[in-house]
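Got a few minutes to look around a protein model together? Here are some questions and answers for a first visit.

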Amino acid sequence: MTITFVGHGYVGLVTACIFADFGNKVWVIGHTKEKIERLKKADPIIYEPGLKELLEKNLRANRILFTLDYNKAIPESDIVFIAVGTPPKEDGDADLSSLFEVTKKIGQHLKKGKTVVSCKSTVPVGTNKKIEIILRESKPKSAQAQVASCPEFLREGSAIYDTLNPDRVVIGSDSKTAIATLIELHQPIDGKRVITDLASAEIIKYTSNAMLATKISFANLIAFYCEKSGADVENVLDAVGMDKRIGRVFMDPGVGYGGSCLPKDVKALIKIGQTLQIDPAFLIAVENINQQIREGFLHKILTNAKEKHITIWGLSFKPNTDDIRDAPSSYIIARLLGKKFTISVYDPAGRENTKKLFGNALTYHNNPYTAVRNASALVILTEWNEFKQADLKKVKTLMKKPLIFDGRNIFHPEMVKKLGFQYFSVGRKPV
Ligand code: UGA
């Protein structure tokens, strides 16, 4: 098949490379010349494990092509995927302006005959119906657009694996042809198939992300209970999670959920609820706990770090990505700078993006050990693997004070205590 992706972020670029790798001809349309030139040279722009290699391979085979020109890609495509961002507006509502803009351009360039237009962007319920109207109004008379919603469930940091091994592939459409075409396209990919209508596909996406956020906030709420009562949240959640009806996955307490998806999608679902005159108090609580857990962690630092030169390990919103959008680190760093802390930072991938945000206000290191030199406290905000078995004896000799604030519970309290550290984590007794 010939496929076009409009948008080359985590969803657009990763999925485009995978469908190209299956032997399809894939166009990717962007709107910035500089970025399209970088992509043509196998620079994926974003950091995602394995993506550069996959891009290189498919560029060499001429199966993936990048352009700014809709006229090159759309007329020859059997399927067009919309994969542009839907960032939050001030009021939490999803900003659909670029989505509608590209939809119109797609419509104007549709060829004679049938094309499936499938939306991968996360959009409020009812949006795909609007896409249908825009396409109908903008397309040439001889063209036919069949709209589908095909939401994406990949995670940053494991995007290629997730796309190849999804738990489910959701296809929502009123068109039998669109459903059949998308089933055929996804044939090499494992996972259950869910065939449904447009509105259900749209709500499935938000519900999934809101449920994940709910699990995290619930774990964090229980962490507060444990801190106040002297219980150990990890033991509590391990035991609770052994009940197969509940499970332990995605219930890791810490400094809360960040990134470009969970925070935005909880906000958007709150807004959708309000529009539909449904009380979204439950989701507002999920959001509030996410804020309280960051504040609670910050409070531990502010009340227990007597000196103000600290080191932060972990800047990205989760491991294996350089993405710092809505990362707990950005929030915590801004608050600590406001309290006149001097901060050294180390992250295996998130340094350049953090520099764009904080510039010279921080001292950046290429190595976790040089970063802790003379620090009066070490703060851990992302659970990168390389921190989990770091040489803490060496860390202790380098630091001015043996004090750790662990926002991801990566160490066992007794082990760190034995090494002579004072140790604060989340939902467990300080030692
Ligand atoms: C999330 C969803 O997991 C994907 O299924 C979805 O496709 C994607 O959003 C999207 O809508 O595009 P992502 O934001 O990449 O993926 O990352 P997650 O693995 O969900 O992590 C989100 C945040 O939750 C991170 O800050 C992570 O540290 C935090 N988290 C995760 C916890 O605090 N505790 C946990 O137990 C799990």
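Q: How far is the sulfur of Cys17 from the closest cysteine sulfur?
A: This is a predicted model, so what follows is computed from its atoms. The closest cysteine sulfur to that of Cys17 sits in Cys150, and the gap is too far for a bond. A disulfide would need the two sulfur atoms within 2.5 Å, whereas the distance here is 17 Å.

Q: How many disulfides does the structure hold?
A: To count, a pair of cysteine sulfur atoms has to lie within 2.5 Å. Cys17 misses that, because its closest partner sulfur, in Cys150, is 17 Å off. For the structure as a whole, the number of disulfides is zero.

Q: Is Cys17 buried or exposed?
A: The cut-off for buried is under 20% relative accessible area. Cys261, at 35%, is over that and counts as partly exposed. Cys17 has 0% relative accessibility, so it counts as buried.

Q: Which residues of helix 13 are buried?
A: Helix 13 covers residues 328–338. Its buried residues pack against helix 12, strand 9, strand 10 and helix 14. Going along the helix, the buried ones are Pro328, Ser329, Ser330, Ile332, Ile333 and Leu336.

Q: Where does Lys340 lie, and is it buried or exposed?
A: Look just past helix 13, which is followed by Lys340 with a positive phi, near 70°. The spot is in the loop between helix 13 and strand 10, the strand at 342–346. Exposed means over 50% relative accessible area; Lys340 has 66%, so it counts as exposed.

Q: How far apart in space are Lys340 and Ala148?
A: Along the sequence, 192 residues separate Lys340 from Ala148. Going from C-alpha to C-alpha in space, the distance is 52 Å.

Q: Which residues are closest to the ligand?
A: In total, 20 residues surround the ligand. A polar backbone atom of Leu154 is 2.6 Å from a ligand oxygen, while polar side-chain atoms of Lys205 and Asn209 lie 2.7 Å and 2.8 Å from ligand oxygens. The protein buries 92% of the 710 Å² that the ligand exposes when taken alone. The closest residues are Leu154, Glu156, Lys205, Asn209 and Asp252.

Q: Which helix gives the largest share of the shell around the ligand?
A: By class, that shell has 10 nonpolar, three polar and seven charged residues. Four residues of the shell come from a helix spanning residues 198–229, and that is the largest share. The helix is helix 9.

Q: Which backbone atoms does the side chain of Asn24 reach?
A: Asn24 is in the loop between helix 1 and strand 2, and at 11% relative accessibility it counts as buried. Among the residues Asn24 touches are Ile3, Arg63 and Leu185. A polar atom of the Asn24 side chain is 3.1 Å from the backbone nitrogen of Met1, and at 2.9 Å the side chain also reaches the backbone oxygen of Phe19.

Q: What is the phi of Gln277?
A: Gln277 is in the loop between helix 11 and helix 12. With a relative accessible area of 76%, Gln277 is exposed. Although Gln277 is not a glycine, its phi is positive, about 60°.

Q: Where is Asn374 placed?
A: Asn374 is another residue to pick out by its backbone: phi is positive, near 65°, in a residue other than glycine. Its place is the loop between helix 15 (368–371) and strand 12 (377–380).

Note on methods. Residues are numbered from 1 along each chain as its sequence is written. This is a predicted model: local features need pLDDT of at least 70, side-chain atom pairs count only at pLDDT 80 or more; totals for chains, interfaces and linings use all residues. Side-chain values use heavy atoms; hydrogens and water are left out. Buried means under 20% relative accessible area, exposed over 50%, partly exposed in between (1.4 Å probe, protein chains only). Helices (H or I, at least four residues) and strands (E, at least two) are DSSP runs, numbered from the N terminus. Contact means heavy atoms within 4.5 Å. A residue is near a molecule or strand if one of its heavy atoms lies within 4 Å of it. A polar contact is a pair of N or O atoms within 3.5 Å; within protein, one must be able to donate a hydrogen and the other to accept it, and residues adjacent in sequence count only if both atoms are side-chain atoms. Accessible areas come from the Shrake-Rupley method with a 1.4 Å probe; for residues, only the protein chains shown count as cover. Ala, Val, Leu, Ile, Met, Phe, Trp, Tyr, Cys and Pro count as nonpolar, Asp, Glu, Lys and Arg as charged, and the others, Gly among them, as polar. Lists of a residue's contacts leave out its neighbours within four places in sequence.
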